Amino acid sequence: MIRASGVTVHLGDVRVLDGVGVDVADGEWLSIVGPNGAGKTTLLRWLAGLVPGDGDLHIGGRPSASLRRRERARLVALVPQAPVIPEGMTVADYVLLGRTPHIRPLGVEGPHDLAAVHDALSHLELVDMADRLVGTLSGGERQRVLIARALAQGSPVVLLDEPTTALDVGHQQQVLELVDTLREVHGLSVISTMHDLTLAGQYADRLVLLDGGRVVVEGAADGVLTEDNLARYYGAKVRIIHDGGQPVILPFRERRKVVEP
Amino acid sequence: MATVAATPALRTARLRAGWLLGGVVAALAAALAGLVVGPVAISPLDVLRELAGLDTGLAATQANIIHEIRLPRVVLGLLVGATLAASGASYQGVFRNPLADPYLLGAAAGAGLGVTLVIVATAGGGPTPVAAPVAAFAGALVAVALTYVLGAAGSGRASTSSLILAGVAVASFLTAVQTYVQQRNLDTVRQVYSWILGRLTTAGWHEVRLLLPYALVTFVVLLSQRRTLDVLAVGDDEATTLGLDARRSRLLVVVAASLGTAAAVSVSGLIAFVGIIVPHTVRLLAGSSHRVVLPLSMLFGGAFLVLADLLARTIASPAEIPIGVITSFFGAPFFVLVLRTARRGVTT
């Protein structure tokens with residue numbers, strides 16, 4: 001569904017991405033993991049067309065250079081990590097923004113667009129909140145509204161930038177379950193950046209581990225999330241526990257020995 | 001109403017008929033007040049009959065006062081108020097800053113310099129020169145371009161706060177140049193000064209004809225971008241992923257708003273606060289979508305300016321107070337009042 005290769009991005013003088021490639025099939029969930037500064041968010045932003053750089057990108061079999069801005073938006077939706085929430089905008093109006101690439105530039109939304117908004121709201125159980133202001137919602141509710149906007153956009157590829165940051169563990173699971181359900185029901189291809197490795201392993205079909213702007217390890221959670229890899233690329237002391245085949249990452253601490261004088 | 005039948009539960013931002021009617025009534029009521037009140041008493045009924053072309057028994061001088069003095073002044077007030085309020089609302093939307101108005105970005109100051117140069121060059125007096133709106137537009141665009149270049153100088157891209165800082169600097173600089181030009185030409189200093197403070201005093205059909213084409217272009221462009229402005233509210237990056245050419249939309253709106261501001265400034269002088277009070281009041285009362293804010297700002301902005309002009313010419317009659325003084329004097333406290341009321345409304 002979306003295939004990128006040789007992605008190289010410079011921000012200022014720094015080479016943030018260096019020949020990265022990703023390939024995500026229809027209905028597949030790929031999670032991009034890696035330590036801070038590895039280039040995860042930059043890769044997502046490049047895929048969304050927000051940062052310039054070199055590389056080859058095909059979306060839905062079409063080269064991205066041949067896509068007009070609106071066509072591209074109908075294929076790829078982005079759920080940003082730190083969205084700008086306009087003051088005084090209701091949930092319904094915010095989700096309606098997702099219909100922008102479907103509405104003629106000078107036109108207004110039609111019944112079809114309103115139906116899509118209504119659909120997105122009901123999928124995310126937001127119908128009762130449609131008239132509330134987005135700015136007054138809790139973190140978990142707001143994340144659902146963002147996903148509803150992406151869903152209303154109707155794009156087969158959804159990019160999620162750190163979808164669970166600032167959520168408690170219950171809401172993290174709730175949001176990821178919702179994304180997974182939508183992926184199944186609508187056949188969406190999902191690419192997410194994730195800090196929480198255990199959750200990344202539980203929900204994604206495949207992981208890509210970035211370090212220093214390069215893909216260093218790629219594959220199923222079992223092969224990527226190893227004690228060796230996490231020590232090497234994260235500098236982390238962890239134990240991996242296997243829970244029904246799923247790796248669970250457990251940070252541990254070696255107690256400093258108290259030296260008697 | 002019929003179009004939402006497919007999804008009856010969903011309410012999206014749109015201009016409700018009640019608010020539209022309220023705006024039209026406000027504008028018409030203000031216009032009627034502007035036609036009725038003055039040194040020569042004419043009853044509202046006679047005014048309406050005269051406008052409708054019915055036989056009124058009014059003296060020829062009275063009919064003349066309506067047609068040649070009060071009516072053009074009221075029409076000009078409606079146009080200037082609508083233009084300034086709509087431009088203010090658009091600047092606030094485009095720059096995502098509630099303090100943005102025609103005075104930010106130096107648009108008004110640039111327009112002011114342009115008009116001052118024209119007044120000085122034509123030795124002042126008489127009706128507004130036809131060159132004034134053109135010079136004002138040139139001045140406004142130069143100012144906006146300067147602000148944009150300066151605002152982008154640091155980072156390569158103009159962020160909202162750097163734009164506003166640059167706007168303050170550009171406005172101060174252009175105002176200084178304008179003051180210098182004004183003081184170097186003492187023979188026209190009175191005309192320039194009375195023009196700066198804002199005036200609809202000498203308004204006639206000439207000024208209306210001068211402003212009308214510019215105002216119409218501004219209205220059409222800004223109204224056509226009302227939904228785009230709502231999309232821009234989520235910032236350039238998100239707007240881009242929603243398929244919008246954020247930069248181009250922003251530029252189009254800024255040019256249109258600057259054109260309207262410049263044309264309004266060139267016929268009426270610098271009238272402060274309309275571009276801030278009116279859109280904010282509309283936003284707090286009727287909703288913040290530009291689909292609501294833009295059309296209602298035009299209607300209520302026009303009404304507001306006509307009423308302000310009414311006060312300006314009656315409060316110290318037979319002398320006239322500059323209308324800019326009135327809008328600032330009433331604008332600031334009124335704004336605080338509205339803000340407090342709305343805050344209370346939100347917290348309860």
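Helices H5(A) and H6(A) are roughly parallel to each other, because the angle between them is about 15° and angles under 35 degrees count as roughly parallel. This description, like the rest of the briefing, refers to a predicted model. Besides this helix pair, the points below take up two glutamates of chain A with positive phi, an open antiparallel sheet in chain A, the parallel pairing of strand S3(A), and chain B with the side that touches chain A.

**The helix pair H5(A) and H6(A)**

- Helix H5 of chain A covers residues 139–153 and helix H6 of chain A covers residues 169–186, and where the two pack, their axes are 10 Å apart.
- The crossing that H5(A) makes with H6(A) is right-handed.
- On the H5(A) side the contact is made by Gly139(A), Gly140(A), Gln143(A), Arg144(A), Ile147(A) and Leu151(A), while H6(A) brings His171(A), Gln174(A), Val175(A), Leu178(A), Val179(A) and Leu182(A).
- Sorted by class, the residues of this contact between H5(A) and H6(A) comprise six nonpolar, five polar and one charged.

**Two glutamates with positive phi**

- Most residues other than glycine have a negative phi.
- Glu125(A), which is not a glycine, nevertheless has a positive phi of about 50°, and this residue is found in the loop that runs between helix H4 (111–123) and H5 of chain A.
- Glu125(A) counts as exposed because it has 12 C-beta neighbours inside 10 Å.
- Glu162(A), likewise not a glycine, has a positive phi of about 45°, and its place is the loop between strand S7 (157–161) and H6 of chain A.
- Glu162(A) counts as partly exposed, since 19 C-beta neighbours lie inside 10 Å.
- When neighbours within four places in sequence are left aside, the contacts of Glu162(A) are Gln81(A), Thr193(A), Met194(A) and His195(A).
- Although 80 residues separate Glu162(A) from Ala82(A) in sequence, their C-alpha atoms are 9.2 Å apart in space.

**The open antiparallel sheet of chain A**

- Strands of chain A in the order S2-S1-S4-S5 form an open sheet of four strands, and the pairing in this sheet is antiparallel.
- The edges are taken by strand S2 (14–24) and strand S5 (62–63) of chain A, each of which has a single partner strand, so one side of each is left without a neighbour in the sheet.
- Strand S1 of chain A, residues 2–11, is joined to S2(A) by seven bridges, and these two strands run antiparallel.
- Within S2(A), the residue that stands opposite Val9(A) is Leu17(A).
- Helix H1 of chain A, residues 40–47, lies across S1 and S2 of chain A and runs at about 120° to S1(A).

**Strand S3(A) and its parallel partners**

- Strand S3 of chain A, residues 29–33, is mostly covered, with four of its five residues buried.
- S3(A) pairs in the parallel sense with strand S8 of chain A (residues 189–193), and this pairing extends over four bridges.
- S3(A) is also joined by four bridges to strand S9 of chain A (residues 206–211), again running parallel.
- Leu30(A) has a partner in each of these strands, with Ile191(A) as its bridge partner in S8(A) and Arg206(A) standing opposite it in S9(A).

**Chain B and the side that touches chain A**

- Chain B has 14 helices and zero strands.
- Of the 348 residues of chain B, 51% count as buried.
- Of the contacts in chain B that link residues at least 6 apart in sequence, 78% join residues at least 24 apart.
- The contact between the chains draws 31 residues from chain A and 27 residues from chain B.
- On the side of chain B that touches chain A, helix H9 (226–232) and helix H10 (236–241) of chain B each supply at least two residues, and H10(B) gives the largest share, four residues.
- By class, this side of chain B has 10 nonpolar, 11 polar and six charged residues.

Definitions and conventions
Residues numbered from 1 in each chain as written. Chains lettered and ligands numbered in written order. Predicted model: local features only at pLDDT ≥ 70, side-chain atom pairs only at ≥ 80, totals over all residues. Axes fitted to C-alpha atoms, helices over the stretch in contact; angles between N-to-C directions. Left-handed = near helix turned anticlockwise from the far one by under 90°. Contact = placed C-beta atoms within 7 Å. Nonpolar A, V, L, I, M, F, W, Y, C, P; charged D, E, K, R; others polar. Buried ≥ 20, exposed ≤ 12 C-beta atoms within 10 Å, placed from the backbone. Pairing = 2+ DSSP bridges.
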